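The following note sets out points for a colleague reviewing this model. The points begin with the surface and end with local detail.

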Amino acid sequence: VFGVGPQDAEVLFIGEGPGEQEDLKGEPFVGRGGKLLDDMLELIDLDRTKIYIANMVKCRPPKNRDPLETEQYACSEWLSRQIALLDPKLIVCLGRISAMKFIKPDFKITREHGQWFEVDGRRVMALYHPAALLRDPGKRPETFDDLKRLQAEIRAVCTPIDFKKRKGAILCFNSASSPFLTATGPSPLSRPRTPAPRTTTSATSTCGTGPTVSTSPRLMAGC
């Protein structure tokens, strides 16, 4: 499972490794966690056409366990080349394992999520992994705050586009009724996505508008 997203993406999301559904479909974050990630992106006016998503390891670890150091090393060259080709302005680590690799080895996700770090000339932050949010919905409100920080940074450093070109964007980012924030409310995994009507024009920022690229997992046979 190599990665997916536009070639000119300015924001790169890096997860830990593919799960069963990702392994079957050859695309990152397509299971329940992937659906929740879509909801998280929608909250800040993003979708998969505007970001690139990759994983630290390109093959599914047995029984979905954390990737071993040797497995991370075996796939590190692939990810390094992805980063070099994309040259993203922002990197978002999804989960503790990714943050420990790209931010610092002693990273504490419970204390340092949502904080920005300077790493090799890039701004890097970590969010709770969607799987962790499925297990513990109580972490969703603080993750919502982290997403707002990400949105602010994207608007500050990424290329702006015409706001009218966005479809189905959520206008009220502070809505306490958002299914993502409501641990006991309707499941965001089943929420219909109906484009919201537009009455105003403003500007926002995204991370790319180029063609979506997904590389076949067969190319990763050596990983």
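1. The accessible surface of the protein amounts to about 11000 Å², and carbon and sulfur atoms account for 53% of that area. The coordinates are those of a predicted model, so every value here is to be read as computed from a prediction.

2. In its overall make-up, the protein contains seven helices and nine strands. Of its 223 residues, 51% are buried. When contacts between residues at least 6 apart in sequence are considered, 77% of them join residues at least 24 apart.

3. The largest nonpolar core holds 48 residues, among which Phe-13 and Leu-150 touch the most other members. With neighbours within four places in sequence set aside, Leu-150 is in contact with Phe-13, Ile-44, Leu-90, Val-92, Trp-116 and Met-125. In soluble globular proteins, nonpolar side chains tend to be buried together.

4. Helix H3 covers residues 69-86. Does its length conform to expectation, or depart from it? At 1.5 Å a residue, its 18 residues should span 26 Å, and the end C-alpha atoms lie 24 Å apart, which agrees. The helix nevertheless carries a kink of about 45 degrees, centred on Ser-76. Just after H3, Asp-87 adopts a positive phi of about 50 degrees.

5. Which residues of H3 are buried? They are Gln-72, Cys-75, Leu-79, Gln-82, Ile-83 and Leu-86. An α-helix has 3.6 residues a turn, so residues three or four places apart point the same way. The cover over the buried residues of H3 includes strands E1 (3-6), E2 (11-15) and E3 (52-55), helix H4 (96-102) and strand E6.

6. Strand E6, residues 122-127, is itself mostly covered, with five of its six residues buried. Strand E4 (residues 90-94) runs parallel to E6 and is joined to it by five bridges. Within this pairing, Cys-93 of E4 stands opposite Ala-126 of E6.

7. Strand E5 (residues 117-119) pairs with E6 in the antiparallel sense, over three bridges. Val-119 has Arg-122 in E6 as its bridge partner. What links these two strands? E5 and E6 form a hairpin with two residues between them, and Asp-120 in the turn has a positive phi of about 50 degrees.

8. For a check of the model, the elements to view together are H3 and E6: E6 is among the elements that cover the buried residues of H3, and E6 pairs both with E4 in parallel and with E5 in the antiparallel sense.

Key:
Residues numbered from 1 in each chain as written. Predicted model: local features only at pLDDT ≥ 70, side-chain atom pairs only at ≥ 80, totals over all residues. Heavy atoms only, no water. Buried < 20%, exposed > 50% of the residue type's maximum accessible area, 1.4 Å probe, protein only. Helix = DSSP H or I, 4+ residues; strand = E, 2+ residues; numbered from the N terminus. Pairing = 2+ DSSP bridges. Expected span 1.5 Å × (residues − 1). Bend = angle between axes of the 7 residues up to and from the residue. Contact = heavy atoms within 4.5 Å. Areas by Shrake-Rupley, 256 points an atom, 1.4 Å probe, with all protein chains shown as cover. Core = buried A, V, L, I, M, F, W, Y, C linked by side-chain atoms within 4.5 Å.
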